[in-house]
Amino acid sequence: MAEDVLRMAGFIENINYTKQGQIDGATGRPDYTFNMPKGHALYMDVKFPMASYLRFLEVGTNAERDVHLKRFLADVRLRVKELAKRDYAGESDTPSVDYVLLFIPNEQLTGFIHEHDAGLIDEAMGQKVVLCSPLTLFAFLGVIRQAFDNFMIEQTSDEILQLIGRFGTQWTKYADQIDKIKRRFEGVEKDFE
């Protein structure tokens, strides 16, 4: 699902983001790393605890639903705490955004979590974990792309201004040399006369 959203947003693997597979002996690898302006990174994890939610949907009695609902919300809280404890920035030389994204695979789950435990989303934000559904991920990606585009324009503008400055310096040197040659020609003409 995350791949679909990335594709829809026009993001290209290894250009706008990198996907990190399981690396032997390493822990805390984010599923996705988004390239941000000024060499920063934004990390996203897509491992979301769905088992208790699926059981909640399958069971027939309210008592069983209550058990699986509580288990699901506890699983989500646990996942948020796990992500909050990870130090993605510490495992990389790249500076990163303070927050990590936790991808929720569908909009209904986001609404379900908000309906049954509205404080969980705020609690996650307090731990610097942003729960994002496909729609909010699409919005985040739009902001990321705009920030990156603005950065590239800023960087390109700076390069252009530096080049104009260098051109101005070279033009001044050129004009000085032309003046020297003109004075020499004037001197030769004067001597000739």
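**A nonpolar pocket and the sheet beside it**

Hi everyone, let me start with the second largest pocket, whose lining is made up of Met36, Leu42, Val97, Tyr99, Leu101, Val130, Phe140, Val143, Ile144 and Ala147. Please keep in mind that this is a predicted model. The volume of this pocket comes to about 160 Å³.

What is the split of its lining into nonpolar, polar and charged residues? All ten are nonpolar, with no polar and no charged residues among them.

And which element gives the largest share of that lining? Helix H6 does, with four residues. Strand S4 and helix H6 each bring at least two residues to the lining of this pocket.

Now to the sheet. Five strands form an open sheet in the order S1-S2-S3-S4-S5, and the pairing is mixed. At the edges sit strand S1, residues 17-19, and strand S5, residues 129-132, each of which pairs on one side only. From one strand to the next, the twist averages 25°.

Let me zoom in on one pair. Strand S2, residues 32-35, and strand S3, residues 41-45, run antiparallel and are joined by four bridges. Here Tyr32 has Met44 in S3 as its bridge partner.

Finally, the helices. Helix H6 spans residues 134-192 and lies across S2, S3, S4 and S5, at about 120° to S5. Helix H5, residues 118-126, lies across strand S4 (96-103) and S5, and runs at about 140° to S5.

If you have the model open, a good place to look is H6: this helix lies across four strands, S2, S3, S4 and S5, and supplies four residues of the pocket lining. Thanks, everyone!

Key:
Residues are numbered from 1 along each chain as its sequence is written. This is a predicted model: local features need pLDDT of at least 70, side-chain atom pairs count only at pLDDT 80 or more; totals for chains, interfaces and linings use all residues. Side-chain values use heavy atoms; hydrogens and water are left out. Two strands pair if DSSP finds at least two bridges between them. Axes are lines fitted to C-alpha atoms, for helices over the stretch in contact, and angles run from 0 to 180 degrees between N-to-C directions. Contact means heavy atoms within 4.5 Å. On a 1 Å grid over the protein atoms alone, a cavity is a set of points where a 1.4 Å probe fits but cannot get out, and a pocket is an open set with protein on both sides within 12 Å along at least five of seven lines; lining residues have an atom within 4 Å of a point. Grid points are joined across faces, edges and corners, and a volume is the space filled by probe spheres set on the points. Ala, Val, Leu, Ile, Met, Phe, Trp, Tyr, Cys and Pro count as nonpolar, Asp, Glu, Lys and Arg as charged, and the others, Gly among them, as polar.
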